[in-house]
Amino acid sequence: MSRLELSGVSDGALRLAAGRFDPACTVVSGDDASALAALAAVMSGVAPARGQALLDGKPLSAWPPARRRVASVLAREALPPAESVGRAVTRVLAARGDERRANDVLEPFGLGAWSSKRSVALDHDELRSVALALALTHAAADLFVLYEPASSSLDRVLVRERIAAAVTRGAVVVLVSANTAVAESFGGPHAAVVGGVLQTSVVAA
Amino acid sequence: MSLRLGAETARDRLVGARPWLFVSAAAGVVAAIGGTERTDGASGADRALLGVTLPFVVPLVCDALFELALGRSRTSALLEPLARHGADRRTLALGALLTLTLACALATALLAVIAVGSATTLSAALVRELDASAWGGALAGAAYGGLLAVGSLRGRAGRLWVLAGDFFFGSGSGPFAVPWPRGHARNLLGGTPVLEGSPSFAALMLALLAASYLSFTASRGPS
């Protein structure tokens, strides 16, 4: 059973985040998009200005094997520089130690045609869709951190099925969203970022 | 794996920015200057190489290669989309910086050869001069690549600061010139030595500077 812990984290608009996330689908909402974006980034392994995020006691920002167990979508997504989307996705897969090909990730979500597109030709929403496809096909992830998972162009039913499957197999799933209604539709425990501070008292561990 | 990913990322970013256009323009400038200095002996080549190419063109071209790959950002920003998914940040950085340093070495070798070739009339000794210029240029370029890698820890501003340091401190021949590529490159390519060292000492120092700057830079920050 994996566990995500935030210890004295602060980064930009996120003034303080501390708490524990156990295996379940937890929704984190709030009205400050910048704070939510920073929270999702820190939970994904981006180094915060202060504090740290720990996956099973290992610091995510300083321990690459721990980051390989994280599937994430950030507020501002970017693919690594490459001549095509397929090549960029292959590099991401290689970084997380996944030997599959790009189309194994893109085709289940109907994105196979993008494989030959130039990476720089993708707009913000398309980049988020590719990132979500990458996250939801991560077979070995113990932690899913998904920023606004309902706002991509992917089939919502398929997205919900994949998230439910991750929860069923015991992963820690954190959905970060400024849209409270959408966030609550996923069910599960709820936390909130209020005034830049993460309130985890409502999380049922 | 992370080393290869870092190298491929830097290569693709660099190639996508068409660096040969910039290097070709610099080569044209160097060839034009060499043509105006053309003589039978080595004095024209020395003036073309040590007067303009080494002090001005080489640092600017090496900085431009880093600029094309990294822009105003730090090296870590280019690599974060891979580091986030589990690649080791330090090894990624080493791969990317080795690629950029290799590009600097190749570009500087080319510029040195063009400077000497365009400023010297055809003779049997020219081939030997070109060979020495290519190797000396490659070492100087590698050292500049290492220096700019250190500067890139602080982005574009950091690169400009280290180039300013190289210009002011490396222009001398005393102990303050030791950690900078400029003085050793000048020595290796026929100019005033640093600490009265031999050309072999200069070659060794350039190689050491490149290796130590790169390893220092790659070891900074979290993995």
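# Two chains, question by question

User: What share of the 223 residues of chain B counts as buried?

Analyst: This is a predicted model, and chain B has 223 residues in it. A residue goes down as buried once 20 or more other C-beta atoms lie within 10 Å of its own. For chain B, the share that counts as buried is 52%.

User: And what is the buried share for chain A?

Analyst: The cut-off is 20 or more other C-beta atoms within 10 Å. Chain A has 205 residues. Of those, the part that counts as buried is 52%.

User: What secondary structure does chain B have, in helices and strands?

Analyst: Reading from the N terminus on, the elements go α-α-α-α-α-α-α-α-α. So the tally for chain B is nine helices and zero strands.

User: How many helices and strands are there in chain A?

Analyst: Chain A has both kinds of element. Its C-alpha trace spans about 45 × 35 × 30 Å along the principal axes. The count for chain A is seven helices and ten strands.

User: What is the radius of gyration of chain B, and how does that sit with the globule rule?

Analyst: Along its principal axes, the C-alpha trace of chain B spans about 60 × 35 × 25 Å. For 223 residues the globule rule gives 17 Å, and chain B comes out close to that, so it is as compact as a globular protein of that length. Its radius of gyration is 17 Å.

User: Same idea for chain A: what radius of gyration does it have?

Analyst: A compact globule of 205 residues would have a value near 17 Å. Chain A agrees with that, with a radius of gyration of 16 Å.

User: In chain B, what share of the contacts between residues at least 6 apart joins residues at least 24 apart?

Analyst: Take one pair as an example of sequence versus space: B:Ala210 and B:Leu139 are 71 residues apart in sequence, yet their C-alpha atoms are 8.2 Å apart. Among chain B contacts between residues at least 6 apart in sequence, the share joining residues at least 24 apart is 72%.

User: Is B:Ala210 buried or exposed?

Analyst: B:Ala210 is in helix α9 (residues 199-218) of chain B. Leaving out residues up to four places away in sequence, it touches B:Thr101, B:Ala142, B:Ala143, B:Gly145 and B:Gly146. It has 25 other C-beta atoms within 10 Å, and the cut-off is 20 or more, so B:Ala210 is buried.

User: How is α1(B) oriented relative to α3(B)?

Analyst: Helix α1 (residues 2-16) and helix α3 (residues 43-70) of chain B pack with their axes 8 Å apart, at an angle of about 105°. Anything from 65 to 115 degrees falls in one class, so α1(B) and α3(B) are roughly perpendicular.

User: Which residues make that contact between α1(B) and α3(B)?

Analyst: By class, there are five nonpolar, no polar and one charged residues in the contact of α1(B) with α3(B). From α1(B) come B:Ala10, B:Arg13 and B:Leu14, and from α3(B) come B:Leu65, B:Leu68 and B:Ala69.

User: Which helix gives the largest share of the largest nonpolar core?

Analyst: That core has 136 residues, and A:Leu39, A:Phe144, B:Leu111 and B:Leu206 have the most contacts inside it. Outside its local sequence neighbours, A:Phe144 touches residues including A:Ala71, A:Ala135 and A:Val173. The largest share of the core is 20 residues, and it comes from helix α5 (residues 89-119) of chain B.

User: Which element of chain A gives the most to the side that touches chain B?

Analyst: The interface has 21 residues of chain A in contact with 16 residues of chain B. Both α2 (64-67) and α3 (85-95) of chain A supply at least two residues to that side. By class, the side has twelve nonpolar, four polar and five charged residues. The top contributor, with four residues, is α3(A).

User: Is B:Arg18 buried or exposed?

Analyst: B:Arg18 lies in the loop between α1 and α2 (19-36) of chain B. Its phi is positive, about 50°, although it is not a glycine. Most residues other than glycine have a negative phi. With 11 C-beta neighbours inside 10 Å, B:Arg18 counts as exposed.

User: How does A:Asp56 count in terms of exposure?

Analyst: A:Asp56 also has a positive phi, near 50°, and it is placed in the loop between β4 (50-55) and β5 (58-59) of chain A. It has 14 C-beta neighbours inside 10 Å, so A:Asp56 counts as partly exposed.

Definitions and conventions: Residues are numbered from 1 along each chain as its sequence is written. Chains are lettered from A and ligands numbered from 1 in the order in which they are written. This is a predicted model: local features need pLDDT of at least 70, side-chain atom pairs count only at pLDDT 80 or more; totals for chains, interfaces and linings use all residues. Two residues are in contact if their C-beta atoms, placed from the backbone, lie within 7 Å. Ala, Val, Leu, Ile, Met, Phe, Trp, Tyr, Cys and Pro count as nonpolar, Asp, Glu, Lys and Arg as charged, and the others, Gly among them, as polar. A residue is buried if 20 or more other C-beta atoms lie within 10 Å of its own, exposed if 12 or fewer, and partly exposed in between; C-beta atoms are placed from the backbone. Axes are lines fitted to C-alpha atoms, for helices over the stretch in contact, and angles run from 0 to 180 degrees between N-to-C directions. Angles under 35 degrees count as roughly parallel, over 145 as roughly antiparallel, 65 to 115 as roughly perpendicular and the rest as oblique. A nonpolar core is a set of buried Ala, Val, Leu, Ile, Met, Phe, Trp, Tyr and Cys residues joined through C-beta atoms within 7 Å. The radius of gyration is taken over C-alpha atoms; the globule rule is 2.2 Å times the number of residues to the power 0.38.
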